[in-house]
Amino acid sequence: MSHPLGNPPSKIIAVHLNFRSRAAERGRAPAHPSYFLKPPSSLSGSREAIVRPRGCRLMGFEGEIALVIGARAQHVQPQDGWSHVRWVTAANDAGVYDLRHADRGSNLRSKGADGFTPLGPRLLDATTLDPAALRLRTWVNGELVQDDTTDTLLFPFGDLIADLSRLVTLEPGDVILTGTPAGASVVEPGDTVEVEVDDGSQSTGRLRNPIATAEHDLEPWGAQPRVDPGEEALAHGSPHTPVPLLDDVLADGLRSVAVATLSAQMRRRGLPHMSVDGAHPVTAGTRMVGVAHTLRYLPLREDLFDRHGTGMNAQKRAIEELRPGHVLVMDARRDASAGTLGDILALRAQQRGAAGVVTDGGLRDSATVAALGLPVFHGGAHPSVLGRRHVPWDTGVPVACGGALVQPGDLMVGDDDGVVVVPPDIAAELVADCREQERQEEFITERVRAGASIDGLYPLGPAWRQQYRTWCMKNDIHNGSKTEGDSA
C-alpha cells in the first residue's frame with residue numbers, strides 16, 4: 001500500500017485519549033497520556049479502501065493529526081519536543097471494535113490490520129506551523145462530524161514527545177497519532193471518510209478513504225468478532241445518543257424475577273456454578289441488575305505494592321472506567337480479611353452511574369456505604385484497608401468472584417439471596433422461563449396453603465396440570481391478559 005512517507009517507519013505510536021472533547025465524551029480525563037502501537041504494515045494512503053473484515057460490523061473511524069519525527073529523540077525536554085517533528089499530516093486511526101476483546105488494551109488486531117492507518121495526502125513542514133494552532137476536521141459522506149483545534153489538547157505535542165522519549169527512542173520517520181476529538185463513530189461499507197489538517201493558510205488536503213468489505217471470510221482460527229453493549233456504545237461514541245449498556249426491557253425483566261429462580265433455570269441448562277458465593281447485600285431489600293466491569297486483586301506482595309497499589313492504581317482506574325449501568329465485579333479470592341471498597345470509592349462509583357458493586361472480599365465503612373443506596377454485595381465487613389491482603393492488579397479481564405467466572409459484559413443480578421452471573425445470550429429466554437416458573441410456584445403456594453400435599457404438586461406434576469391451566473386462565477381474565485400456559 002502506498003503512503004506519503006516513502007520508507008515505512010520503525011514504529012507507529014497512537015495516543016489513547018488527548019482531546020478534551022473526546023475525554024468529555026468518554027467521561028474520563030487521564031492524568032497522563034497512554035499509548036498503543038500500530039504496525040507499519042497498517043499504513044496506507046489517500047483514496048485507498050479501508051476494508052472491514054467479514055463478521056465485523058463496528059468499523060470505527062478516528063480523524064487524527066499525525067506527527068512524523070525528523071530528528072532522533074531521546075530524553076527530550078517538553079519545551080524541545082516540537083523541534084523533533086519534521087512533518088505533520090492527516091490520519092485516520094481506523095479499527096473494528098468487534099475485535100477489541102481479542103487483544104484488550106493493545107488493540108493489535110482491532111486497529112493493526114492492513115490499511116487501518118491511512119495518512120496524507122500532503123505533508124506539512126512542521127517548522128512553518130504553530131502546534132497549538134492546528135485545526136482537525138473529519139467528514140463522513142460529505143457531512144462534517146469532527147471539528148476541533150489543538151489548543152484544547154490534554155497533552156501538547158511537545159509533551160507527548162518528551163514523555164515517550166524518556167524510555168523509547170523516537171527515530172526519524174516514526175509516526176505519532178495524537179488522539180481524536182469528539183465525533184468519532186461507526187461507518188459502513190460504501191461510506192467515505194475524509195480527514196484534513198490545516199492552520200488557516202496551508203492544508204494537508206483531504207485524506208479520503210472509502211470503506212469496503214473483505215472479499216473473504218475471516219479464518220476460523222484465532223479470536224472471532226464479538227460485540228457487547230459496552231463496546232457498541234464506545235464505538236458509536238456520541239454522548240447525546242448513548243447506546244445503553246443493557247436494553248431497558250431486558251433489565252426490567254431480570255429485575256422482575258428472583259435470583260433463586262434465575263439460578264434454578266441456569267442449573268436446568270447445565271450451568272450450576274453461576275452464583276457469586278458468599279456475597280450478600282449491605283442493605284436488605286436490595287435489587288441489582290447491570291453489566292459486569294471487572295477488577296482483579298492479587299495476594300499482597302510488599303515489594304510490589306508501591307508499584308501496583310499506590311497512585312492511580314487498578315482499583316481507582318476501574319472506578320473511573322465505570323459507565324452508567326455497569327456493575328463493578330471485584331475478584332479478591334474470597335478473602336474478606338481486608339477491605340476492597342470503602343465509602344469514598346463507593347460514592348464515586350455511584351456518581352459514575354454504576355448499577356452496583358460486587359466483591360467477594362471485605363467492605364469498609366459499611367454503614368456509610370449502606371446509606372448511599374448504591375447496591376453493594378460483599379463478602380463481609382472489615383475495617384482494614386486493602387493493602388493488608390490485596391494488590392489491585394488489572395481491570396477488564398475475566399475474573400473469579402465468589403467461585404464464579406465473570407467476563408466483562410456478563411450480566412449481574414442480585415437480591416437478598418445473593419448474586420448470579422447471567423450469560424447475555426440466554427438472558428431473554430431465562431426471563432421468560434423464570435416468569436413461568438414463578439407463576440407455577442404461586443399456584444403451588446396457594447394449593448399448599450389450602451392444605452394440599454406436596455406429593456405430585458411440587459414440582460408441578462401431571463395430575464395438577466389441568467388445574468394449573470384453569471387457574472392461569474382465571475387469573476389472566478381477572479388481570480385482562482392472555483394466558484401464557486405451562487411452557488416450563
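This is a short tour of two sheets, two pockets and one loop residue, to follow with the structure open in your viewer. Keep in mind throughout that you are looking at a predicted model.

**Stop 1: the seven-stranded sheet**

Start by selecting the strands of the open sheet that runs β2-β1-β12-β6-β7-β9-β3. Its 7 strands pair in a mixed fashion. At the edges you will find β2 (35-38) and β3 (43-44), each of which pairs on one side only.

Now go through some of the pairings. Residues 12-15 make up β1 and residues 175-177 make up β12; these strands are parallel and share 3 bridges. To see them face each other, show Ala-14, which stands opposite Leu-177 in β12.

Next, select β9, residues 117-125, which runs parallel to β3 and is joined to β3 by 2 bridges. Leu-43 has Thr-117 of β9 as its bridge partner. The pairing of β9 with β7 is antiparallel, with 4 bridges. Here Ala-90 is the residue to click, with Gly-120 in β9 as its bridge partner.

While the sheet is on screen, add side chains: in a regular strand they alternate between the two faces of the sheet.

Then add helix α3, residues 157-165. What does α3 lie across? The helix crosses β1, β2, β6 (63-69), β7 (85-92) and β12, and runs at about 55° to β6.

**Stop 2: the five-stranded sheet**

Select β4, β15, β14, β10 and β11, which form an open sheet in that order, again with mixed pairing. β4 (50-52) and β11 (143-149) stand at the edges with a single partner strand each, so one side of each has no neighbour in the sheet. From one strand to the next, the twist averages 20°.

For a close-up, pick β14 (residues 192-198) and β15 (residues 207-213), an antiparallel pair joined by 4 bridges. Thr-192 stands opposite Pro-210 in β15.

**Stop 3: the largest pocket**

Switch on a surface and centre on His-16, Arg-28, Arg-100, Glu-321 and Thr-395, which of the 46 lining residues are the closest to the centre of the largest pocket. About 1,500 Å³ of space lies in this pocket.

Which elements give two or more residues to the lining? Colour α1 (20-26), α4 (229-236), β17 (288-299), α8 (314-320) and β24 (390-395) to see them. The most comes from α4, with 4 residues. If you colour the lining by class, you should find 17 charged, 16 nonpolar and 13 polar residues.

**Stop 4: the second largest pocket**

Move on to Gln-315, Leu-345, Arg-364, Val-385 and Leu-386, which lie nearest the centre of the second largest pocket among its 17 lining residues. The elements giving two or more residues to this lining are α7 (302-309), α8, β19 and α9 (343-351). The pocket holds about 280 Å³ of space. By class, its lining has 7 polar, 6 nonpolar and 4 charged residues.

**Stop 5: Ser-337**

Finish in the loop between β18 (326-331) and β19 (339-341), where you can select Ser-337. Which residues beyond four places away in sequence does Ser-337 touch? Show His-382, Ser-384, Arg-388 and Arg-389. With Arg-389, the side chain of Ser-337 also makes a polar contact of 2.9 Å, side chain to side chain.

How values were computed. Residues are numbered from 1 along each chain as its sequence is written. This is a predicted model: local features need pLDDT of at least 70, side-chain atom pairs count only at pLDDT 80 or more; totals for chains, interfaces and linings use all residues. Side-chain values use heavy atoms; hydrogens and water are left out. A polar contact is a pair of N or O atoms within 3.5 Å; within protein, one must be able to donate a hydrogen and the other to accept it, and residues adjacent in sequence count only if both atoms are side-chain atoms. Contact means heavy atoms within 4.5 Å. Two strands pair if DSSP finds at least two bridges between them. Axes are lines fitted to C-alpha atoms, for helices over the stretch in contact, and angles run from 0 to 180 degrees between N-to-C directions. On a 1 Å grid over the protein atoms alone, a cavity is a set of points where a 1.4 Å probe fits but cannot get out, and a pocket is an open set with protein on both sides within 12 Å along at least five of seven lines; lining residues have an atom within 4 Å of a point. Grid points are joined across faces, edges and corners, and a volume is the space filled by probe spheres set on the points. Ala, Val, Leu, Ile, Met, Phe, Trp, Tyr, Cys and Pro count as nonpolar, Asp, Glu, Lys and Arg as charged, and the others, Gly among them, as polar.
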